[in-house]
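Thanks for coming, everyone. Before we look at the model together, please keep the sequence and the three-dimensional view side by side on your screens.

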Amino acid sequence: MSKVGEQKKMMNQNKEIYECVIVGGGSAGLSAALLLGRSRRQVLVCGKGNPRNAPAHESHSFFTRDGISPHELLSIGRDQLKPYKSVEFQAIGVKEINPSGNQFEVVFEDGTIKKTRKILLAFGVMDEFPALENFGDFWGKSVFHCPYCHAWEVRDEPLAIVGNGETGIEMAALLKNWSADLVLCTNGKADLTTEQRTLLENHKILVREEKIIRLEGDNGQLENIVFETNEKIARRGILIRPKQTLGSNLAEKLGCELNEFNLIKTTTVFNETSVKGVYAAGDITSPMQVIAAAVFQGNVAAGGLNHSLIMEDFV
């Protein structure tokens with residue numbers, strides 16, 4: 001029997017040893033699992049089924065699935081993995097990942113430990129909401145971070161941008177393609193140059209510097225922004241870029257380098273990180289955080305990971 005055949009036999013006999021553990025069961029993780037399953041790899045996908053876009057009613061800008069709910073999209077992804085018996089799922093989070101020779105020991109939240117040859121991180125990011133009353137009621141619906149995902153539904157409506165400085169200017173320019181009725185809310189003193197103010201004025205974009213205290217609306221649909229003066233302005237949608245943090249500290253513990261966006265830096269075209277044998281995909285690697293990008297990155301990372309396994313075994 002060949003070396004590869006012996007390894008496959010051993011893995012089938014001992015399910016505690018995998019060729020890849022994928023940390024995260026979202027779009028990136030499931031995309032990677034599909035390619036690895038089709039490559040006959042022993043894979044364990046660890047995900048709790050709580051995607052970042054869960055508050056949204058619909059997912060958009062993903063070819064063939066425009067308008068699908070986030071949970072239905074992931075359900076279809078999991079169903080399409082069923083023919084690939086070498087792919088397993090586990091709804092238990094990962095607590096630690098420790099290098100062990102040319103493998104890794106994965107410690108789960110329930111204390112169990114499993115070994116794997118490769119790691120794919122796809123656990124996503126967490127958004128830090130601003131301290132605005134009722135903000136969470138509108139997030140992912142009429143308050144959004146990505147116009148490509150949500151702006152079409154509020155096109156030509158009165159909209160607001162919550163941002164400041166150069167970022168606020170860039171966001172205003174981006175959103176203007178969906179609506180000409182825009183207000184830039186800096187949520188405090190505006191950090192704008194004279195030239196920037198003139199630019200906004202030329203595009204008929206009003207600047208409001210008052211602090212925002214709450215949002216008003218019904219069933220996720222924004223109706224008013226309320227300032228600290230209790231004055232209200234009617235808006236049907238808000239574009240905002242909340243601060244983000246990585247959804248887990250596993251990358252930091254492993255020693256993975258971060259990029260200029262404080263996301264995980266990938267050092268190869270196949271999304272391998274600075275730690276050999278550890279790959280990353282999805283929102284944790286790029287500010288281009290849309291489903292199509294996550295699916296692509298998961299596929300690419302899995303291809304690179306599989307190629308690495310092939311070359312290690314082809315001796």
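I will go from the overall outline to the sheets, then to one helix and the nonpolar cores.

Let me say at once that what you see is a predicted model. The secondary structure comes to 9 helices and 17 strands, and the C-alpha trace spans about 75 × 35 × 35 Å along its principal axes. Of the 315 residues in the protein, 48% are buried. If we take the contacts with a separation of 6 or more, 56% of them are accounted for by residues 24 or more positions apart.

I would like to begin with strand S1, residues 17-23, where 7 of the 7 residues are buried, so that the strand can be called mostly covered. S1 pairs in the parallel sense with strand S6, residues 113-121, over 6 bridges, and within that pairing Ile 22 stands opposite Leu 120 of S6. S1 also pairs in the parallel sense with strand S2, residues 43-46, over 4 bridges, and here the partner of Val 23 is Cys 46 in S2. Between S1 and S2 the chain passes through helix H2, residues 27-38, and the resulting β-α-β crossover is right-handed.

That brings us to H2 itself. Does its length agree with what one would expect of a helix, and why? At 1.5 Å a residue, the 12 residues of H2 should span 16 Å, and the end C-alpha atoms are 17 Å apart, which agrees. H2 is mostly covered, with 9 of its 12 residues buried; among them are Ser 27, Leu 30, Ala 33 and Leu 36. The buried residues of H2 pack against S1, S2 and S6, and also against helix H3 (70-79), strand S3 (87-90) and helix H9 (291-313). H2 is followed by Arg 40, whose phi is positive, near 65 degrees.

Now to the cores. It is a general tendency in soluble globular proteins that nonpolar side chains are buried together. Which residues touch the most other members of the largest nonpolar core? That core has 25 residues, and the ones in question are Ile 97, Leu 121, Phe 123 and Ile 264. The elements that give two or more residues to this core are S1, S2, S6, strand S4 (94-100), strand S5 (103-108), helix H8 (250-254) and strand S17 (278-280). To take Ile 264 as an example, and leaving aside its neighbours within four places in sequence, its contacts include Leu 121, Phe 123, Leu 246, Ala 251, Ala 280 and Ile 284. There is also a second, separate core of 22 residues, which includes Leu 30, Tyr 84, Val 87 and Ala 281; Leu 30, you will recall, is one of the buried residues of H2.

Let us move along the chain to an open sheet of 5 strands, which has the order S8-S15-S9-S10-S11 and parallel pairing. Its edge strands are S8 (143-144) and S11 (206-208), each of which pairs on one side only. Inside the sheet, 4 bridges join S9, residues 159-162, to S15, residues 237-240, and these two strands run parallel, with Val 162 opposite Ile 240. Helix H6, residues 165-175, packs on this sheet and touches S8, S9, S10 (182-185) and S15, while its direction makes about 155 degrees with that of S9.

A further open sheet has 3 strands in the order S12-S13-S14, and here the pairing is antiparallel. S12 (212-218) and S14 (232-234) stand at the edges with a single partner strand each, so one side of each is left without a neighbour in the sheet. On average, and with direction ignored, neighbouring strands of this sheet are turned by 25 degrees against each other. S13, residues 221-227, pairs with S14 over 3 bridges in the antiparallel sense, and Val 226 stands opposite Lys 232.

I will finish with strand S7, residues 125-128. Which of its residues lie on the covered face, and which on the uncovered one? Val 125 and Asp 127 make up the covered face, whereas Met 126 and Glu 128 make up the uncovered one. In a regular strand the side chains alternate between the two faces of the sheet. S7 pairs in the antiparallel sense with strand S16, residues 243-246, over 4 bridges, and the bridge partner of Glu 128 in S16 is Lys 243.

Key: Residues are numbered from 1 along each chain as its sequence is written. This is a predicted model: local features need pLDDT of at least 70, side-chain atom pairs count only at pLDDT 80 or more; totals for chains, interfaces and linings use all residues. Side-chain values use heavy atoms; hydrogens and water are left out. Buried means under 20% relative accessible area, exposed over 50%, partly exposed in between (1.4 Å probe, protein chains only). Two strands pair if DSSP finds at least two bridges between them. A crossover is right-handed if, with the strands pointing away from the viewer, the path from the first strand over the helix to the second runs clockwise. A nonpolar core is a set of buried Ala, Val, Leu, Ile, Met, Phe, Trp, Tyr and Cys residues joined through side-chain atoms within 4.5 Å. Contact means heavy atoms within 4.5 Å. Axes are lines fitted to C-alpha atoms, for helices over the stretch in contact, and angles run from 0 to 180 degrees between N-to-C directions. The expected span of a helix is 1.5 Å times one less than its number of residues.
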